[in-house]
Amino acid sequence: MITDEHQPCLQGMFPSWITTCSADGEPNTTVISQIWYVDDEHVALSHQFFNKTKKNISENPRAFATIVNPGTLQMYNLELEFDHSESEGDLFDEMDMKLEAIASMTGMSGIFKLLGADLYKVKSLKALGA
Amino acid sequence: MIPERTIEALTNGGIGHLGSASADLKTAHTETMSASMNQAKDTVTCFVLSFLAGPVLENLKATSRVSFFFGLPSHEAYQFKGQFVGTRELTADELANSERVLNLTKEFLTSMGISAEAAEQMLGTPPDLGITFKVEKIFIQTPGPEAGQELPFN
């Protein structure tokens with residue numbers, strides 16, 4: 001499902017957007033700095049704080065995201081479903097290292113600590129306007 | 001009354017996403033290309049492309065609940081939540097404001113090294129539909145110590 005065409009969207013060069021929903025049906029839409037490529041059927045989001053997105057996903061695993069190719073600005077919509085969270089391993093270490101690098105460049109070292117790599121199954125992926 | 005501090009970001013920005021959820025909690029959002037508001041009624045009208053807004057409109061007709069995230073290139077951002085009121089055609093003033101905001105956004109993107117063609121691909125089609133909702137809650141989304149805080153409203 002995720003191909004080479006989508007890889008530039010998952011490098012953190014352009015923000016992504018995500019909409020989740022609480023158990024009682026209240027949607028929440030926010031911007032996120034990066035959606036990470038895991039494999040051709042999974043992406044990951046960083047869990048750094050217990051925010052509204054994380055709370056909603058703990059109640060309802062469905063999410064909807066938009067990613068953008070930073071070169072062409074082509075947008076893609078993804079239907080996602082939370083799969084599991086990882087707090088160790090290669091993916092976690094890679095995300096942790098990148099977040100720490102960003103934090104140290106912005107004087108926030110040690111503040112934005114990665115708590116988990118939240119993996120989502122990609123249920124659909126569609127180019128906007130396609 | 002919609003708080004004064006959000007008005008600049010709403011009327012001089014309003015580029016963002018309008019979120020919704022179906023009765024079985026499946027979410028969808030669509031891009032917004034600026035917005036207008038009615039202070040007397042505490043309503044906001046988001047400018048969208050009707051050919052992309054189908055899933056969101058279906059959800060809104062079923063559940064009425066709206067989340068609207070928007071911001072400025074400065075990173076000042078807010079999220080409004082509320083109840084769907086209806087759809088309508090955009091006025092000439094609204095279309096003119098959207099054109100102004102989209103042109104500023106395209107200039108911002110090209111100043112960051114993005115090609116004019118790419119900016120045009122993303123923002124070149126003018127909105128053709130207004131989605132109006134009554135604002136019930138407002139949250140600060142600007143990165144920083146206030147992020148996530150609810151703004152006093154009414």
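1. Two residues are taken to be in contact if their C-beta atoms, placed from the backbone, lie within 7 Å. The model under review is a predicted one. On that criterion, the buried residues of H4(B) pack against strand E6 (75-86) of chain A and also against helix H3 (92-111) of chain B.

2. Which residues of helix H4 (residues 116-123) of chain B are buried? They are B:Ala118, B:Ala119 and B:Met122. Because these residues cover an arc of only 100° around the axis, they sit on the same side of H4(B). B:Ala116 and B:Glu117, on the other side of H4(B), are exposed.

3. The pairing of H3(B) with H4(B) can be described further. Their axes come within 9 Å and cross at roughly 145°. The crossing in which H3(B) passes H4(B) is right-handed. H3(B) makes the contact through B:Leu102, B:Thr105, B:Lys106, B:Leu109 and B:Thr110, and H4(B) through B:Ala116, B:Ala119, B:Glu120 and B:Leu123. By class, the residues of this contact are five nonpolar, two polar and two charged. Two residues of H4(B) recur here: B:Ala119, listed above as buried, and B:Ala116, listed as exposed, both belong to the contact with H3(B).

4. The largest nonpolar core has 60 residues. Those touching the most other members are A:Ala65, B:Val44, B:Cys46, B:Phe68, B:Phe70 and B:Tyr78. Strand E7 (residues 129-140) of chain B gives the most to this core, namely six residues.

5. B:Phe68 deserves a separate entry. Apart from its neighbours within four places in sequence, B:Phe68 is in contact with A:Thr29 of chain A. In chain B, its contacts on the same terms are B:Gly16, B:Leu18, B:Val44, B:Cys46, B:Gln79 and B:Phe80. Of these, B:Val44 and B:Cys46 are named with B:Phe68 among the core residues that touch the most other members.

6. Between the chains, 23 residues of chain A are in contact with 25 residues of chain B. On the side of chain A that touches chain B, strand E1 (16-21), strand E2 (27-32) and strand E5 (62-68) of chain A each supply at least two residues. Which of them gives the largest share of that side? E2(A) does, with five residues. By class, the side of chain A that touches chain B has nine nonpolar, 12 polar and two charged residues.

7. Backbone angles call for a comment at two places in chain B. B:Ser64, a residue other than glycine, has a positive phi near 70°. B:Ser64 lies in the loop between helix H2 (54-63) and strand E5 (65-71) of chain B. It has 15 C-beta neighbours inside 10 Å and therefore counts as partly exposed.

8. The second place is B:His75, where phi is positive at about 85° although the residue is not a glycine. B:His75 is in the loop between E5 and strand E6 (77-88) of chain B. Is B:His75 buried or exposed? B:His75 counts as exposed, because it has 11 C-beta neighbours inside 10 Å.

9. In chain A, A:Glu88 is found in the loop between E6 and helix H2 (90-105). A:Glu88 has 10 C-beta neighbours inside 10 Å and so counts as exposed. A:Glu88 and A:Ile102 are separated by 14 residues in sequence and, from C-alpha to C-alpha, by 20 Å in space.

Definitions and conventions: Residues numbered from 1 in each chain as written. Chains lettered and ligands numbered in written order. Predicted model: local features only at pLDDT ≥ 70, side-chain atom pairs only at ≥ 80, totals over all residues. Core = buried A, V, L, I, M, F, W, Y, C linked by C-beta atoms within 7 Å. Buried ≥ 20, exposed ≤ 12 C-beta atoms within 10 Å, placed from the backbone. Helix = DSSP H or I, 4+ residues; strand = E, 2+ residues; numbered from the N terminus. Arc of directions from axis to C-beta. Nonpolar A, V, L, I, M, F, W, Y, C, P; charged D, E, K, R; others polar. Axes fitted to C-alpha atoms, helices over the stretch in contact; angles between N-to-C directions. Left-handed = near helix turned anticlockwise from the far one by under 90°.
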